[in-house]
Amino acid sequence: MTSQVERQSTAIKGGRLLPLPRNIPWWIVILAICGLLILYFITTSTSYQETFTFLASGVIRTLQLTVVGYLFALVFGLIGGLGRISKNTVINTVATLYVEVIRGVPLLVVLIYIAFVLAPAASSLVSQIATALNAPFLDNMAFVFRDDFMRGVLGLSIGYGAYLSEVYRAGIESISRGQMEAARSLGMSYGQSLRYVVLPQAVRVILPPLGNDFIAMLKDSSLVSAIGAVPLEAELTLRGRMYSATTYKAFETWNSVALLYLMMSLGLSVIVRYVERRWSVPK
Amino acid sequence: MPKPIIQIEDVHKHFGKVYALRGVSISVDRGEVLVVIGPSGSGKSTLLRCINGLEHVDSGNVVVDEIPVTRSTTNINAVRAEVGIVFQQFNLFPHLTVLQNITLAQRIVRKRNQAESERIGRDLLGKVGIPDKANSFPTQLSGGQQQRVAIARALAMNPRIMLFDEPTSALDPEMIKEVLDAMLLLAKEGMTMVVVSHEMGFARAAANRIVFMDEGTIIEDTSPEVLFTNPREERTKLFLSKILH
Ligand SMILES: Nc1ncnc2c1ncn2[C@@H]1O[C@H](COP(=O)(O)OP(=O)(O)OP(=O)(O)O)[C@@H](O)[C@H]1O
Ligand SMILES: [Mg+2]
């Protein structure tokens, strides 16, 4: 009881218990120290060197999954978002179903469902159509449903497409109706009005949440480890699981995996902030 | 006798339960300036927005320059390019400069090249009295200047009709005149205009006819002289006594 009172009074008097300067972001300092420590281990310990060598391909894979998956998600999201604001009942209903279903199911389940239910079904459907039409090139195109990487991309982009739909929708709806009306009144079509008047303004509203979702997707790409089958093409988390399962070096493995994710997401957030600053025109 | 440029026949319009237009018929001749007055909620804006298809009518016909606006097969974009509209809230595009605001639709809809659309844009900015604001952004302008840009933007499409929906009611008093002057100039040049406004000075100076609307119908359709001196309907008298002075 007394100690609490004492602590409170110190806190009030000094502001803080430890006389740390306030303007330094201490978490970055701690991170930097940890990073240096780990760098030290990597350069001196062969054990860490081996771990990193094994994980390297996973880092590349994770980045590829994230970038390609996100590009597709941007497109799915735009289509979904426009569908959500469409006055056409059919389009609106389809878009709302897509968004609500995906958002109501854990992303891991979405990934598994797409990889093991939808993709095989789509694959055999395309095969049948290809045989029926005697068009083998069509069958070749179905590789997206069979390829490990593409199934991961498909799952991530369909999942994130639903989240991004809501981001786009909110962004477009934040632009006053008068803008669309003014553009349409000048004789521009709906599409032209969107492209030249509404979307350029909405982008500024949308950009920060889009950037956040980009980084979130990088981290969620680790869920793809649940559907990966080809060891050489595994992303970072699956590579980590494989490595720790064969070497029993859990400590080194997961230290390294966590650090690599952290470095990637910090790197991406630097890029994202930069892009945001470039695009946000002073008002 | 030449056909009227705007023909509105028995137009009805609901917004859910609100019965906004209850069988409105009116026609406007080429070169005529029609001023529409009436209490809030009487359907003035809705009527105006039916002329360029921003609102779909429930029933009735709207024909603009012999094009049936209300027919579903009509290319509404083609009609809108011929009918300029100026809104109470200006609705300039805030991400574009003043000049870009004026050139955008010229290039996209009228397919004019950059140089030509800019030349037209600068001419119009001169005409509305703000030639030096071409490279400003809308937020850097006063309300009166913004509204004049909106007028220039509409004129750049070479419309045959100009619609104005309370163009000065969002403006500070000292800026109203500069916008009305631009409109007067337009009226003198023979533009067909439908103007929703309670600026009676403008009505006196420019209107050929004044229409008084109430509760979704046209109560009185007459000349400014008659309306100001001797309105036929009690409701018109009552309304005028509220807005004059
Ligand atoms: N988009 C809409 N949705 C629902 N109701 C609407 C809509 N637009 C207009 N209304 C209603 O229709 C009626 C007529 O509206 P309108 O805007 O045409 O009136 P107005 O004469 O222009 O009034 P004001 O002087 O206030 O601008 C009003 O009762 C209004 O509330
Ligand atoms: Mg109105």
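## Salt bridges overall

Counting over all chains, this structure holds 26 salt bridges. Keep in mind that we're looking at a predicted model.

One of these salt bridges sits inside chain A, where Arg169(A) pairs up with Glu166(A). Their closest N and O atoms are 3.0 Å apart. Both partners belong to helix α7 of chain A, which runs over residues 148-173. Arg169(A) and Glu166(A) are three residues apart there, or about one turn of the helix.

## Where chain A meets chain B

Now for the interface. On one side, 19 residues of chain A take part, and they are in contact with 22 residues of chain B. Together the two chains bury about 1,700 Å² between them. Carbon and sulfur atoms account for 62% of that buried area.

How many salt bridges does the rule find across the interface of chain A and chain B? Just one turns up. Glu181(A) is the chain A partner and Arg49(B) the chain B partner, with 2.7 Å between the closest N and O atoms. As for polar contacts, seven residue pairs across this interface make the list, with both residues at pLDDT 80 or more.

Which elements give two or more residues to the side of chain A that touches chain B? Those are α8 (177-185) and α9 (190-220) of chain A. The largest share is down to α8(A), which supplies eight residues. Sorted by character, the chain A side has seven nonpolar, seven polar and five charged residues.

## The surroundings of ligand 1

Over in chain B, ligand 1 has a shell of residues around it. A run of them goes Pro39(B), Ser40(B), Gly41(B), Ser42(B), Gly43(B), Lys44(B), Ser45(B) and Thr46(B). Phe15(B), Val18(B), Ala20(B) and Glu166(B) also surround the ligand. By type, the shell splits into four nonpolar, six polar and two charged residues.

Some of these residues come with specific distances to oxygen atoms of the ligand. Ser45(B) has a polar side-chain atom 2.6 Å from a ligand 1 oxygen. With Gly41(B), the partner is a polar backbone atom, 2.8 Å from an oxygen atom of ligand 1. Ser42(B) also uses its backbone: one of its N or O atoms there lies 3.2 Å from a ligand oxygen.

How much of ligand 1 does the protein cover? On its own, the ligand has 630 Å² of accessible area, and the protein covers 62% of that. Two elements of chain B, β2 (18-28) and α1 (44-51), each give two or more residues to the shell. Of the elements, α1(B) gives the most, with three residues.

Methods. Residues are numbered from 1 along each chain as its sequence is written. Chains are lettered from A and ligands numbered from 1 in the order in which they are written. This is a predicted model: local features need pLDDT of at least 70, side-chain atom pairs count only at pLDDT 80 or more; totals for chains, interfaces and linings use all residues. Side-chain values use heavy atoms; hydrogens and water are left out. Contact means heavy atoms within 4.5 Å. Buried area is the accessible area (1.4 Å probe) that two parts lose on being put together, summed over both. A salt bridge is a side-chain nitrogen of Lys or Arg within 4 Å of a carboxyl oxygen of Asp or Glu. A polar contact is a pair of N or O atoms within 3.5 Å; within protein, one must be able to donate a hydrogen and the other to accept it, and residues adjacent in sequence count only if both atoms are side-chain atoms. Helices (H or I, at least four residues) and strands (E, at least two) are DSSP runs, numbered from the N terminus. Ala, Val, Leu, Ile, Met, Phe, Trp, Tyr, Cys and Pro count as nonpolar, Asp, Glu, Lys and Arg as charged, and the others, Gly among them, as polar. A residue is near a molecule or strand if one of its heavy atoms lies within 4 Å of it. Accessible areas come from the Shrake-Rupley method with a 1.4 Å probe; for residues, only the protein chains shown count as cover.
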